[in-house]
Amino acid sequence: MNWESVREIVAAFFILGGAFVTFSAALGVARFPDAFTRMHAATKAGVVGAGSLMLGCSLAVGTWPAVLSALVGVFFLVSTVALSAHALGRAAYLSGAPLAENTVANALENVYPRPSHDRLLGVPAAILPETAPSDGACAVDMEGAGAPRDMRT
Amino acid sequence: MNIVMWATIIAALLLIPAVALVAWRMLAGPSSADRVIATDMLGLLGISLASLATAYTGYTAYLDIGVGVALISFLGAVAFASLLERGQLLPGTDRRAHQPDGEQ
């Protein structure tokens, strides 16, 4: 067994593994019940799926510049996907993405003000029933329909 | 055909329905965050398809294209997240514009 066949077998393993993980993650993005669980699936596709595919295809080419390009790409993916996942998750919570029905706990329930989903998307302030708040506090309605769902009942 | 070409073809056959699934989620996501997540995922699928192209043709340039797309899609996702948090597209339509400075 020479290095050629070892390299080809390892490349095929990485390519098939990366493609399977990416397909599973796309299935998760399509079928998960919540924006947060979908983000969970998308980040796995980012690091494991795309990283394995890049490594496998660079091993398939076999030259050193290709492998170094793939290693640089994997390094960038590993270091940036986690940051974008954190930013997107925080933005999804603060912009009012609806939580799934079988959500067990909401650790940020009274920490951040969280508007209701349908009251914030694209509706200009002028045509809303209530305009600017009078006391200058947070403009989000915490007692009405916009309050987070009570999971204890 | 050797094993690498077989793996590339099977991987491409796995990634094509993945693109369709994520595109459906981008069209049907009930909130804007879902659409941003699906857009980010489509960028990652583009990186995966570019890597398969470099395994199929032998040109290393497609891998570098993937690295560039990874960086730019990260910047776009963070920009979209900041836009979603602020909650306004046009100045003057922000419902939280009357808050004291420094509060969320």
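A polar contact is a pair of N or O atoms within 3.5 Å, and within protein one of the two must be able to donate a hydrogen and the other to accept it. With that in hand, select E85(B) in this predicted model, and show its side chain together with the side chain of R90(A), since the two make a polar contact at 3.0 Å.

**First stop: E85(B) and R90(A)**

Keep E85(B) selected and look at its surroundings: the residue is found in helix α3 of chain B, and at 17% relative accessibility, under the 20% limit, it counts as buried. Its partner R90(A), with 28% relative accessibility, counts as partly exposed. The pair also forms a salt bridge, in which the closest N and O atoms are 3.0 Å apart. R90(A) lies in helix α3 of chain A and E85(B) in helix α3 of chain B, so this pair joins two chains.

**Second stop: D34(B) and R38(A)**

Next select D34(B) and R38(A), whose side chains meet in a salt bridge with 2.6 Å from N to O. Because D34(B) belongs to helix α2 of chain B and R38(A) to helix α2 of chain A, this pair too joins two chains. Are these two residues buried or exposed? Both D34(B) and R38(A) are buried.

**Third stop: the interface as a whole**

Now colour the two chains separately and select the residues where they meet. Across the interface of chain B and chain A the rule finds two salt bridges, and six residue pairs, with both residues at pLDDT 80 or more, are in polar contact between the chains. On the chain B side, the elements that give two or more residues to the part touching chain A are α1, α2 and α3 (61–86). Which of the elements of chain B gives the most to this side? It is α2(B), with 15 residues. Sorted by class, the side of chain B that touches chain A holds 32 nonpolar, 13 polar and seven charged residues.

If you extend the selection to everything in contact, you will have 52 residues of chain B and 65 residues of chain A. Between them the two chains bury about 4,900 Å², of which 75% is on carbon and sulfur atoms.

**Fourth stop: helix α1 of chain B**

Select residues 3–28 of chain B, which make up helix α1. At 1.5 Å a residue, the 26 residues of this helix should span 38 Å, and the end C-alpha atoms are 38 Å apart, which agrees. Within α1(B), you can then pick out the buried residues, namely V4(B), M5(B), A7(B), T8(B), A11(B), L15(B), A18(B), V22(B) and R25(B). What do these buried residues pack against? Their neighbours are α1 (3–31) and α2 (35–61) of chain A, together with α2 (32–57) of chain B.

**Fifth stop: each chain on its own**

Hide chain A for a moment and follow chain B along its sequence, where you will meet three helices and zero strands, in the pattern α-α-α. Of the 104 residues of chain B, 40% count as buried. Among the contacts in chain B between residues at least 6 apart in sequence, 41% join residues at least 24 apart.

Then show chain A instead, which has four helices and zero strands and reads as α-α-α-α along the sequence. Buried residues make up 46% of its 153 residues, and, among contacts in chain A with a separation of 6 or more, residues 24 or more positions apart account for 59%.

**Sixth stop: two places within chain A**

Select R7(A) and E4(A), which form a salt bridge with the closest N and O atoms 3.1 Å apart. Both residues lie in helix α1 of chain A, three residues apart, or about one turn of the helix. E4(A) is partly exposed, with a relative accessible area of 44%. A search of the whole structure finds three salt bridges over all chains.

Finally, move to T103(A), whose place is in the loop between α3 (64–94) and α4 (117–120) of chain A. T103(A) is buried, with a relative accessible area of 19%. To end the tour, draw a distance from the C-alpha atom of T103(A) to that of F20(A): the two residues are 83 residues apart along the chain, and their C-alpha atoms are separated by 28 Å.

Definitions and conventions
Residues are numbered from 1 along each chain as its sequence is written. Chains are lettered from A and ligands numbered from 1 in the order in which they are written. This is a predicted model: local features need pLDDT of at least 70, side-chain atom pairs count only at pLDDT 80 or more; totals for chains, interfaces and linings use all residues. Side-chain values use heavy atoms; hydrogens and water are left out. The expected span of a helix is 1.5 Å times one less than its number of residues. Buried means under 20% relative accessible area, exposed over 50%, partly exposed in between (1.4 Å probe, protein chains only). Contact means heavy atoms within 4.5 Å. Buried area is the accessible area (1.4 Å probe) that two parts lose on being put together, summed over both. A salt bridge is a side-chain nitrogen of Lys or Arg within 4 Å of a carboxyl oxygen of Asp or Glu. Ala, Val, Leu, Ile, Met, Phe, Trp, Tyr, Cys and Pro count as nonpolar, Asp, Glu, Lys and Arg as charged, and the others, Gly among them, as polar.
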